[in-house]
Structures are given as structure tokens and as C-alpha cells.
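Trainee: Please give me a close look at one part of this model: the nonpolar surface patch. Then follow its links outward, and go on to the rest of the chain.

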Amino acid sequence: MTQQIDNPDIKLADEIAEFYADPLGFVLYAFPWGEDHSLLEGADGPRKWQWEFLEQWGREIRDRAFDGKNPVTP
């Protein structure tokens, strides 16, 4: 049985937790890319070098099986 959570803070925390090994996904999710009247108006995502860095970082997290608690080899 799945418990429905009505607390919006808990829902947001659960959604963000899904990105623990996907920094690029988090950045795409969390920032208002392309929204009118925002600092990111006209932008569809991070710059190329930022995008590549975030992808690589995510691969490193997954490859090392980083769990957020236990240290891994740098």
C-alpha cells in the first residue's frame, strides 16, 4: 500500500532526491530555463562546458556507486 504524502515540502524533497546521481537532471529541473522575465530567459539550459561537466560528474557518481554517506575514491 502506497501512502500519499500531502506535504508539499516532502513531495519536493522526494522529487529532488531522485537526482542524487544526476546533477544535470537536477539543474534542468530546478532552474527556470527559458522562462519569460527570469534571468534565464532565452536560455535552454546550461552552457556547453557546464552541461559536459554535469554529465561527467553524474557518471563519476554512478561509476563509483556514491551513496551520499560513504566515501569513495576521488
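Mentor: Start with what counts as a patch. A residue can join one only if it has over 30% relative accessible area and makes no salt bridge, and nonpolar side chains such as Leu, Ile and Tyr are joined within 5 Å. Keep in mind that this is a predicted model.

Here the patch is made by Leu12, Ile16 and Tyr29, and it covers about 250 Å². Take Leu12 first. Leu12 sits in helix 1, which runs over residues 8–17. Its relative accessible area is 42%, so Leu12 is partly exposed and clears the 30% needed for a patch. Tyr29 is partly exposed too, at 37% relative accessibility. That value is also over the 30% cut-off.

Now follow Tyr29 away from the patch. Its ring pairs with the ring of Phe19. The centres are 5.2 Å apart and the planes meet at 35°. That angle is neither under 30 nor over 60 degrees, so the pair counts as tilted. What does this pair tie together? Phe19 lies in the loop between helix 1 and helix 2, while Tyr29 is in helix 2 (23–30). The pair therefore links parts that are 10 residues apart in sequence. Phe26 joins in as well: ring pairs link Phe19, Phe26 and Tyr29 into a cluster. Across the whole structure there are four aromatic pairs. So Tyr29 has two roles in this picture: it helps make the nonpolar patch, and it belongs to the ring cluster.

Past helix 2 comes a loop that leads to helix 3, and His37 lies in it. The phi of His37 is near 65°, a positive value in a residue that is not glycine. His37 is exposed, at 77% relative accessible area.

Next, helix 3. This helix has 16 residues and spans 22 Å from first C-alpha to last, close to the 22 Å expected at 1.5 Å a residue. Leu54, Gly58 and Ile61 of helix 3 are buried. They cover an arc of only 60° around the axis, which puts them on the same side of the helix. The spacing rule explains such a pattern: an α-helix has 3.6 residues a turn, so residues three or four places apart point the same way. Turned away from the buried side is a face with the exposed residues Lys48, Trp49 and Asp63.

Lys48 also makes a salt bridge. Its partner is Glu52, and the closest N and O atoms are 3.4 Å apart. The two residues are four apart in helix 3 (residues 48–63), so about one helical turn separates them. Lys48 is exposed at 65%, whereas Glu52 is partly exposed at 39%.

The structure holds two salt bridges. The other joins Glu60 and Arg64, with closest N and O atoms 2.0 Å apart. Glu60 is partly exposed at 28%. Arg64 is partly exposed at 32%.

Finish with Ala65, in the segment after helix 3. Its phi is near 55°, again positive in a residue other than glycine. Ala65 is exposed, with 59% relative accessible area.

Conventions:
Residues numbered from 1 in each chain as written. Predicted model: local features only at pLDDT ≥ 70, side-chain atom pairs only at ≥ 80, totals over all residues. Heavy atoms only, no water. Patch = residues over 30% accessible without salt bridge, like charges linked within 9 Å, V, L, I, M, F, W, Y side chains within 5 Å. Areas by Shrake-Rupley, 256 points an atom, 1.4 Å probe, with all protein chains shown as cover. Salt bridge = Lys/Arg side-chain N within 4 Å of Asp/Glu carboxyl O. Buried < 20%, exposed > 50% of the residue type's maximum accessible area, 1.4 Å probe, protein only. Phe/Tyr/Trp six-rings, centres within 6.5 Å; stacked < 30°, edge-to-face > 60°. Expected span 1.5 Å × (residues − 1). Arc of directions from axis to C-beta.
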